[in-house]
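Notebook open, coffee poured. Here is what I looked up today.

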Amino acid sequence: MQLFHTSSFLTHRPVSTQSTQVKTSTFPQKPINAPSLKEICEQGSLKEAFQALTSSFNGQNLPDFYPDETYAPLLELCARKNALPQGRQIHAHLTKSFAVCESVFLGTKLVFMYGKCGSLEDAERVFDGMRQRTIFSWNAMIGAYVYNGEPSRALETYWEMRVLEVPLDACTFPGVLKASGVLKSIHFGSEIHGLAIKCGFDSTVFVANSLVAMYAKCDDLCAARGVFDRMPQQNDVVSWNSIIAAYSAKGQSMGALRLFRAMQRAGLDTNTYTFVAALQACEDDSFRKQGMEIHAAILKSNHHFDVFVANALIAMYIRCGKMAEAAALFDQLDEKDNVSWNSMLTGLVQNGMYTEALQFFHKFQDAGRKPDWVLAISIITACGRLCNLLNGKEMHAYTIKHGLDSDLLVGNTLIDMYSKSCCLSYMAHVFDEMPDKDFISWTTIIAAYAQNNFGKKASDLFREVQLRGMEVDAMMIGSILPVCSSLKCMSQVKEIHGHILRRGISDIVLQNTIIDVYGECGNMDYAVRMFESIEFKDVVSWTSMISAYVNNGFANEALQLFHLMNKTNVQLDSVALVTVLSAAASLSALKKGKEIHCIVVRKGFNVEGSLATSLVDMYSHCGMLENACMVFNSIFNKGLALWTGMINANGMHGRGRAAIDLFNKMEEEKIIPDHVTFLALLYACSHSALTNEGRRVFELMRYKYQLEPWPEHYACLVDLLGRANQLEEACEFVKSMQAEPTAEVWCALLGACQVHSNSEVANLAARKLLELEPENPGHYVLISNVFAARGRWKDAEEVRMRMKGGGLKKNPGCSWIEVGNKIHTFMARDKSHPEYDEIYQKLAQITEILEKKGGYVAQTKFVLHNLLEENQKVRMLHGHSERLAIAYGLLKTPGQTSIRITKNLRVCGDCHTFCKLVSKFFKRDLIIRDANRFHHFQGGVCSCGDFW
């Protein structure tokens, strides 16, 4: 739609709005022959037009000429070419040579020219200086305002014109309607529509087209369609283009495509704008077929040579994810404009083809083109996704050199790129140097600090946003909430939750995030209340609550919630399955784990990635190493996490050699191990007494793979050496550490002292351990046990009193067993179970049989309490939680079935002997997982070889 309808005042004489005739300048009559200058202007050459004008005044052959006819084509040409300096030269020449202020026609032409060239100030100066104005002058000024993004001033000028009672013409309406549409003022637009009907201009084609566009901009597609349907003749291509474009712009793709087909059936000739509007309606892959049909129609019409149509086709194929087709069209283009290059590059980035995007950018540079801010944003985005800091810095330098870095969108994208590349110093510099920051700028940098574990900095920036009085939205809150969980700042979580409720900005995403955060902060009461308050729970809601239960040690409740979830219509996803599999793994709930595995198969999930790793982990934690191997072997493309999980599974079950063989196969597959892989391998060596192999693994990690060991790796090797009675070497190893030994390392060394007595090392390790982590009750228990085992009862009692004085409590021994469809939990000397009478009777019977047939005698040395009588120590051993679980398993499970038990602490030596005898005399395999590893008891022998 044209904003400046030039035909009404470029080729006709102006008509005054006054009753008297407008005085015109007294110039000679125009010559009979048309001036050659007009022909030159029509050809579009500014240089030749000015040369022709100069020759007209060379003094040798100065013909009589009419200024309106001479200067009008020149001003039109300047407007067309956006040639403001040349337009000003003509204006100056007119002012100097002729009384331009007396020519309404030339004054109007100047307003038009300045408006098209973007100089509103000059246009206003000319308009205000005109002694006489016609409707064409007012239309030109209104059009100038609209063209230069000043719709409010356009409407003000219109009202001024109405007050002066200037008669309207049809060309007044397009500019005013355009301004109404930009301002989304449907009330004013409707009023203009009524006026157009009153004046009889509503049936004028270009006015009707403007009405369609206005209603579409004001989101009233029904009114736009009503105007189109009431048009007396629907044979104007522009009308069809307008309504098709309106439907496309409002996302009514099917409606736009139906109109396009109707236009074709009507036999109307389509043009560039028709095809562009129709192609814009093909918004995603579901419209690929229609897009290809339009492409075929374009090929038949020969419009594929048009760069605008070609760009629209490229954009359509990009939206459909067909980058190969888009690239083929791009390569066929003889003349590529900025839109062509930008579309391709943006498409590559949007379709995740970041490496290809950078390669394409090099092609762009080779073509001698310079990127604008749109293309710069795409390249910076690609660098960020690839964590390609070098190229990202190059683009940053380019934006600075060409003044693009001050652009708000460029700045926000640079912040995101540096964040993803973990270059926070540059990110902070970009943020600080931004002349203007919008809400996205603040949200991006807060999220960046949060994702890079700078929670304090993110929290400080969030406070600054609040102090500035900015409205906090759901996206920013979603960025800051995980920071609160990492800082374990419950007060801030509650404060933000209250803000959400007060502002009413809560949505399902935020509600799910709040469940996560309360869960991670350990406040299960609030997490449950938040979950229960959600009216329409999605799969993320359920998964978040299940995850909160699992992470806080409520695996049984997690499984129960998953059971409820299965009764709803919520569609499971792989994340929910991975989460609930971890619950089954933590409880060693084999039956529950198998049920979940069945769901995976029945629902048709692809067993790969994290889901495959979780299945391997679940089966290995349930003592079913064979099943874990079956899952592992069934996966074709094994990732590092799966290999690591299988290595860890073998280590848990004391199969150190198998873990090393698996590692060697992984290397043959060219899979590069990481820190976690080596940690699993060292763990496997430690629990299989593979001392030399453990040393080699440690050296391999440091020197072949150039991985700096974590404290956990050092602790694992110390544990390995300590178990092998090489305490002196373990101590030297700790002393040789470049970094200060952590609590994990001293804990491993102290554990070795418990097995192999060394008072000096034990004292040092105990002192260091309590210095580093004085709030960990497990350390006090370990130190006390080491002292008690050496008969240092006074020292042991002192440690226990210190622990009690600090308000710390020992984690009680706890074992659980899966019987039927339920997990049964037992504490030491527990009588809370509803069947405890039968359980204790069965346990007494078992003990009596083992004493008679197996010669079992309680080893009271494992009761590390000095003041107890011998019979009290025996009763304490008999009441250990794993024995209650074994008794219940023998009571409730059929003969010949394996009994699977999980314990939260290390199995003591006496219970280990007890379990071996039970497996022998009751002919039942016992599979017990303690805090360290798995024990497979069969026929009186344990898989650990009494090394645990």
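Which side chain of opposite charge is nearest to arginine 929, and how many Å away is it? I found aspartate 930, 7.5 Å away. Arginine 929 is buried but has no salt bridge. Notes to self: buried is under 20% relative accessible area with a 1.4 Å probe, protein chains only; a salt bridge puts a side-chain nitrogen of Lys or Arg within 4 Å of a carboxyl oxygen of Asp or Glu; Lys and Arg count as positive, Asp and Glu as negative, while His and the chain ends are not counted.

A caution on sources: this is a predicted model, where local features need pLDDT of at least 70, side-chain atom pairs count only at pLDDT 80 or more, and totals for chains, interfaces and linings use all residues. Residues are numbered from 1 along each chain as its sequence is written, and side-chain values use heavy atoms, leaving out hydrogens and water.

Next I checked where arginine 929 sits: strand E4, residues 926-929. Strands are DSSP runs (E, at least two residues) and helices are too (H or I, at least four), numbered from the N terminus. I listed its contacts (heavy atoms within 4.5 Å). Leaving aside neighbours within four places in sequence, arginine 929 touches residues including His621, Met652, Lys903 and Phe934.

Then I zoomed out. The protein has 51 helices and 6 strands, and 50% of its 948 residues count as buried. Its C-alpha atoms fill a box of roughly 135 × 55 × 50 Å along the principal axes. Of the contacts with a separation of 6 or more, 63% join residues 24 or more positions apart.
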